[in-house]
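User: I keep meeting words like "buried" and "tilted" in structure descriptions. Could you walk me through how such labels are earned?

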Amino acid sequence: MLSKLHTSGLRGIDGFNIRVEVDVAKGLPTYAVVGLPDAGIKESKDRVVAAVRNSGFDFPVKKITVNLAPAEVKKTGTHFDLPIALGVLAASGKVKKEAAARLETAVFIGELALDGALRPVIGVLPMLLSLKQSGSRKIAIVPVENSAEAALSGLDCLAAGSLKEALDWINGAAELSPCRPAERELRATALGDFSEVKNQAFAKRALEIAAAGSHNVIMIGPPGTGKSMLARRFASILPPLTDEEALEVTKIYSVIGLIKSSRLITERPFREPHHTISDAALIGGGTNPRPGEVSLAHNGVLFLDEFTEFSRPAIESLREPLESWKVTVSRVKETVVYPARCLLVAAMNPCPCGYLGHDVRECSCTPLQVHKYRAKVSGPIMDRIDLHLQLSPIKFADWEALPRGETSRTVGERVAAAMAAQRVRFKDSGIRANAFMGVRELREHCRLPEGAAGLLETAMNKLGFSARSLDKILKISRTVADLDGSPEVKKAHIIEAMQYRALDKTTELVAK
Amino acid sequence: MINREEEILARIRLNAVSCMRTDWLLRLIELYGGAEEVLSKSAGELSADGGLSPETAGNFVSNLSATDPHKELEAARKSGARIFTALDGYFPELLGKIYDPPLALYVKGDLALGRAPVGIVGTRNPTDYGVRSAARLARELSASGLTVVSGLARGIDTVAHDASVKSGGVTWAVLGAGLNICYPRENKKLAESILERDGALVSEFPMDAGPMPANFPRRNRIISGLSYATVVIEGDFKSGALITARAALEQGREVLALPGPVDSVMSRGPNMLIKNGAALVEGVADIIASLPPEALFGLAPVRHDRRAEKAAAGRLSELSPDAKSACGAITGSEGGLNMDGLVHTLGWPVQRAAAALFELETSSIITQSADKYKTTV
């Protein structure tokens, strides 16, 4: 006998429909899975056999063929257990004739334990979202532990606890409980609040600008200047994720099984990979492609501490995501695209020993060493970083006397207002924020105010800015103006913007 | 009787031959009674009575044919340089006294504007301490009206020239390449500002000669030869700075050294010199004390650069009130202020401080180093 069921597969962070066909025929007892299954799916045989037996059924001693269609696409995952097992049962007559139609209306996803219980699987949300987007009206049967996640898709979902429960539902012998989304958590404040950073008014202002205009930032300063502290609190001044963004983020986390308690991820992701990370882990890849840290930071913040200590290939691999906000992983059989629209916050020491420019500690590096150290970050990468931020340690006396600063909420409100202004400005142009303006947009939206041409000329001559850095300065000044609520870029905005391009100045003759 | 003009041309020509040591050339000139005479000799004659090996003599004569003094003079004229030989009254007197003074000296700028030249030499990879000390000594020397002589190389040389220029002093840079070649290239602006401040660029190499490695030890003897005393800031045992110190000793000039930490590789050279009897330098007073009385003759105790002072005062008075208070805050701070410091001290928002800093920075009253702003006047 033959049975056919629906399930879903994952390609990158998108799902696609898969048909599971099971044929149980007379002949020598064999069990074959065809349709480019990976090792994980082939292993499902033993789980399926045990689960069927332990659910109180006989496993047919016949020639069993399982086909996963479309047959030319590679398939991975453990969620095929449930549809295969149900297929075997259906093909051996365990589904009533009048219930056969119900098989057609459902999509089955789930991994089996040997006792027939259903285990949670990864990627439920992206699979169901794709199903929903394709206009499907099917009902999804998912493991209980994935139920809250499945509910986020908006598709009709039912949660099954075991193989037996799923089969009973098909036969109309029992009902399954519908999936409900978990209650939204209040916004997490685990990463801290901006007001906890004392002093560093300049750095906080720079981060506010970075957040408002989606500008990437590099922080340069000796150890103990609060680089990490600032970076960790950076996400807290970004506006909360929109529903659409939250779904995008949750999809990515679902694919690698990082969703906590099946909830929608509502806080901005903050990723802080260690500097020993490989380029594949940073941007994504592997034989079975997985999203990397840049994608996990999608719609959030990617913090790379000790930026110069990252391997050269890892740093260089950031070029594509920083330029096009996606990562393309190409393999012989498939090409996968992961979204990677993250804000880069890089931090580095000013020199190898870390104490160049420190008030108290002595720097033991030679200018040559300093030069080499800084040259580790290549031009093309530096070119994608708009804001330069130099920090120095605060003295204890200052630290004690300092008042607390503004809260993340206050700053976040200004940021949100500036972002709203940009959305209006770039409506229908495909640009999301000031940082992504091209030459044409710059000309259009950053008209120089009266007298500013002379200002820029002075800056070029006296401070050594290049024509290229002037473009960056204009971009930043647009964001400063947005934060100011000003439709035009004013001179004061441009002057402030220059403060964030310190590394472009060539006024220092001496190497140190 | 030798024709003076022809003799000068002949010396420029001999000087342009790179394959021969200066002391040998000087010996030949003495032997034949003039540079012109040397030029007229064949390779055979030079090896017969000049004591050159036939091979060297042959090399020398064939290299000579490639040199053209008129071309050198023309090239020098074009870039505003002048060529002096020992026959000129303008040849620096101190340099003329050494054992092997260059046959011709290419000079951009006016050496007559310098007083009591003192050499400051050191490693290309200085530590923070070396940079700080070199800058301080150069500044103090300039303030006392002395001329700082160095080699325009990276590291200590650059710091010494730079500090001297910035404090309005006269400084001379002795190059290891022709005056048309700026080496290292990043010091082009510094070379220009040296000339602007009445300083000079000096070289014994033809105008377009490249920075060959062999040039630098020869260059070093000119640094010490031009100076009454040479101060070694930092350098390992085998460094150019120690070559200069040795040259100074051979020339009978004073050698001074800046003591450094015993565990710093860069201070091994100067510490060794001190052990061997070089004078220890703490401040400019130690340097001045080591100079011969005639070096200090007619030297004002402190040389004021009135023009620069006036210009600076003018710039200060034209500033906006905000910039004036920012300038006051930076001057009053210890070791400069960063943006945060300024914001904190004055209680201003970042934007207001940025405007003040921009005004100060573009009028060259302050400069940024790492994240700190420091005053330059």
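Analyst: Sure. This is a predicted model, and helix H2 of chain A is a good place to start. Its neighbours in covering its buried residues include strand E3 (30–34), helix H1 (39–42), helix H3 (81–91), strand E6 (111–112) and helix H7 (163–170) of chain A.

User: Which residues of H2 in chain A are the buried ones?

Analyst: In H2 (residues 44–54), they are Ser44(A), Arg47(A), Val48(A), Val49(A), Ala50(A), Ala51(A) and Val52(A). Just after H2(A) comes Gly56(A), with a positive phi of about 95°.

User: Why is Val34(A) called partly exposed?

Analyst: Its relative accessibility is 37%. Buried needs under 20% and exposed needs over 50%, so with 37% Val34(A) ends up partly exposed. Val34(A) is part of strand E3 of chain A, and it touches Val66(A), Asn67(A) and Leu68(A), leaving aside residues up to four places away in sequence. Its C-alpha atom is 9.9 Å from that of Glu21(A), which is 13 residues away along the chain.

User: What makes the pair of Tyr31(A) and Phe59(A) tilted?

Analyst: Two values decide it. The ring centres are 6.4 Å apart, and a pair needs centres within 6.5 Å, so the rings of Tyr31(A) and Phe59(A) do pair. Their planes meet at 40°; stacked would need under 30 degrees and edge-to-face over 60, so tilted is the label that is left. This pair joins distant parts of the chain: Tyr31(A) is in strand E3, while Phe59(A) is in the loop between H2 and strand E4 (63–69) of chain A, 28 residues apart. Both residues are buried. Over all chains, the structure has seven aromatic pairs.

User: How do you know that Cys157(A) is in no disulfide?

Analyst: Look at the sulfur atoms. The nearest cysteine sulfur belongs to Cys179(A), 4.8 Å away. A disulfide requires the two sulfurs to be within 2.5 Å, so Cys157(A) doesn't qualify. In fact, a search of the whole structure turns up zero disulfides over all chains.

User: Is Cys157(A) buried or exposed, and what about Cys353(A)?

Analyst: Cys157(A) has a relative accessible area of 7%, and the cut-off for buried is under 20%, so Cys157(A) is buried. Cys353(A) comes to 26%, which falls between 20% and 50%, so Cys353(A) is partly exposed.

User: What makes you say that the charged end of Arg425(A) sits over a ring?

Analyst: That charged end is 5.3 Å from the centre of the ring of Phe426(A). The distance has to be within 6 Å, and there is an angle test as well; Arg425(A) is listed as sitting over the ring of Phe426(A). In chain B, the charged end of Arg124(B) sits over the ring of Phe216(B), 5.8 Å from its centre.

User: How many domains are there, and where?

Analyst: Chain A is split into domain 1 (2–178), domain 2 (194–406) and domain 3 (437–512). The C-alpha centres of domain 1 and domain 3 of chain A are 59 Å apart. Chain B has domain 1 (1–67), domain 2 (106–296) and domain 3 (306–375), with 31 Å between the C-alpha centres of domain 2 and domain 3.

User: And what does chain A look like overall?

Analyst: Chain A has 22 helices and 19 strands. Of its 512 residues, 56% are buried.

How values were computed: Residues numbered from 1 in each chain as written. Chains lettered and ligands numbered in written order. Predicted model: local features only at pLDDT ≥ 70, side-chain atom pairs only at ≥ 80, totals over all residues. Heavy atoms only, no water. Buried < 20%, exposed > 50% of the residue type's maximum accessible area, 1.4 Å probe, protein only. Helix = DSSP H or I, 4+ residues; strand = E, 2+ residues; numbered from the N terminus. Contact = heavy atoms within 4.5 Å. Domains from an automatic or database assignment. Phe/Tyr/Trp six-rings, centres within 6.5 Å; stacked < 30°, edge-to-face > 60°. Lys NZ or Arg CZ within 6 Å of the ring centre and 35° of its normal.
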